[in-house]
Amino acid sequence: MRFSSEQRLDDGVLEREFTLGEIPGTLWTPESAGPVPLILMAHNNGLPKGDPRLMARARLSAAAGYAVASIDARGCGDRPRSPDEEQARADFRRAMQAGAPVDEVFESFIGPLVESAVPDWQITLDALLALPEIGGQVGYSGWTALGIRLAVLEPRIAVAGFFAGGYVPRAQREEARQVTIPLLLLLQWDDEGNPRQRALDLFDAFGSTEKTLHANLGGHLGTPWFEREDGDRFFGRHLK
């Protein structure tokens with residue numbers, strides 16, 4: 001892992017850009033001394049690690065005493081996609097806009113995107129846990145489909161917070177029953193891009209005995225600000 005830049009932000013959080021082979025990432029750490037728990041933060045469906053909403057969440061969690069890391073895995077952010085992947089993504093957008101069936105188109109690009117992203121996140125997790133400022137258990141926050149896959153494969157992930165969950169590949173919907181760690185699922189009741197009933201069915205399918213659903217009125221981008229703080233309290237019950 002090579003750090004290429006760092007800056008101390010107004011809230012005291014240290015923000016550092018890093019590369020790990022071909023993987024670009026950002027690590028936010030608090031001012032507190034000693035090893036702190038780690039939260040892996042992934043945005044949905046290939047959006048970049050520099051997305052403003054993700055960065056705001058990361059800074060808030062770091063200020064609350066966590067190390068937070070985000071990467072651009074393969075097919076995410078500025079990392080190149082194949083022509084077939086770009087075509088599948090465009091087909092999905094057109095189908096959504098036209099109100100046409102989208103399941104098969106969705107599977108054709110999100111399923112492979114999840115599978116290709118997992119190794120990059122595991123390599124990053126290995127490197128992050130070797131840093132002296134990071135220690136203890138690991139949490140995951142963000143993209144539901146990727147989080148399900150990582151939770152099944154990675155015993156180091158002890159707790160997870162997922163967003164939406166309406167559109168999740170079939171493979172991950174089936175794997176949900178194998179997820180037994182504590183969970184928090186955020187659901188926007190009027191999310192135009194995630195069918196509500198599918199999200200509720202997914203929540204029911206999780207094998208966890210401790211799982212919490214927070215549902216709020218509004219569309220996809222309308223998650224209330226207080227959910228950020230509630231999320232940190234949720235992680236605090238399990239990571240600190």
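Me: How does the lining of the second largest cavity divide by class?
Reply: The lining of the second largest cavity comprises two nonpolar residues, three charged residues and no polar ones. Asp, Glu, Lys and Arg count as charged, Ala, Val, Leu, Ile, Met, Phe, Trp, Tyr, Cys and Pro as nonpolar, and the others, Gly among them, as polar.

Me: What kind of model is this?
Reply: This is a predicted model, in which local features need pLDDT of at least 70 and side-chain atom pairs count only at pLDDT 80 or more, while totals for chains, interfaces and linings use all residues. Residues are numbered from 1 along each chain as its sequence is written, and side-chain values use heavy atoms, leaving out hydrogens and water.

Me: Which residues line that second largest cavity?
Reply: The lining residues (an atom within 4 Å of a cavity point) are Arg-81, Glu-85, Arg-89, Phe-109 and Leu-113.

Me: How many cavities are there, and how much space lies in the second largest?
Reply: Two cavities of 30 Å³ or more are found in a search of the whole structure, where a cavity is a set of points on a 1 Å grid at which a 1.4 Å probe fits but cannot get out. The second largest holds about 50 Å³, the volume being the space filled by probe spheres set on the points.

Me: Which helices supply its lining?
Reply: Helix H2 (83-98) and helix H3 (103-129) each supply at least two residues of the lining of the second largest cavity. Helices are DSSP runs (H or I, at least four residues) numbered from the N terminus.

Me: At what angle do H2 and H3 pack?
Reply: H2 and H3 pack at about 135°, and their axes (lines fitted to C-alpha atoms over the stretch in contact, with angles from 0 to 180 degrees between N-to-C directions) are 8 Å apart. H2 and H3 are therefore oblique to each other, a term for angles that are not under 35, over 145 or from 65 to 115 degrees.

Me: Which residues meet there?
Reply: On the H2 side, Glu-85, Ala-88, Arg-89, Asp-91 and Phe-92 make contact (heavy atoms within 4.5 Å) with Val-105, Phe-106, Ser-108, Phe-109 and Leu-113 in H3. By class, this contact of H2 with H3 has six nonpolar, one polar and three charged residues. Glu-85, Arg-89, Phe-109 and Leu-113 also belong to the cavity lining.

Me: How do H3 and H4 pack?
Reply: The axes of H3 and helix H4 (residues 144-153) lie 10 Å apart, at an angle of about 55°, which makes H3 oblique to H4. From H3, Val-114, Glu-115, Ala-117, Val-118, Trp-121 and Gln-122 meet Ala-145, Leu-146, Arg-149, Leu-150 and Leu-153 of H4. Eight residues of this contact are nonpolar, one is polar and two are charged.

Me: New topic. At what angle do H1 and H7 cross?
Reply: Helix H1 (residues 52-63) and helix H7 (residues 226-239) cross at roughly 45°, and their axes come within 10 Å. H1 is therefore oblique to H7. Ala-56, Arg-57, Leu-60 and Ser-61 in H1 meet Arg-228, Glu-229 and Asp-232 in H7. The contact of H1 with H7 has four charged, two nonpolar and one polar residue.

Technical notes: 1 Å grid on protein atoms, 1.4 Å probe; cavity = no way out; pocket = protein on both sides within 12 Å on 5 of 7 lines; lining within 4 Å.
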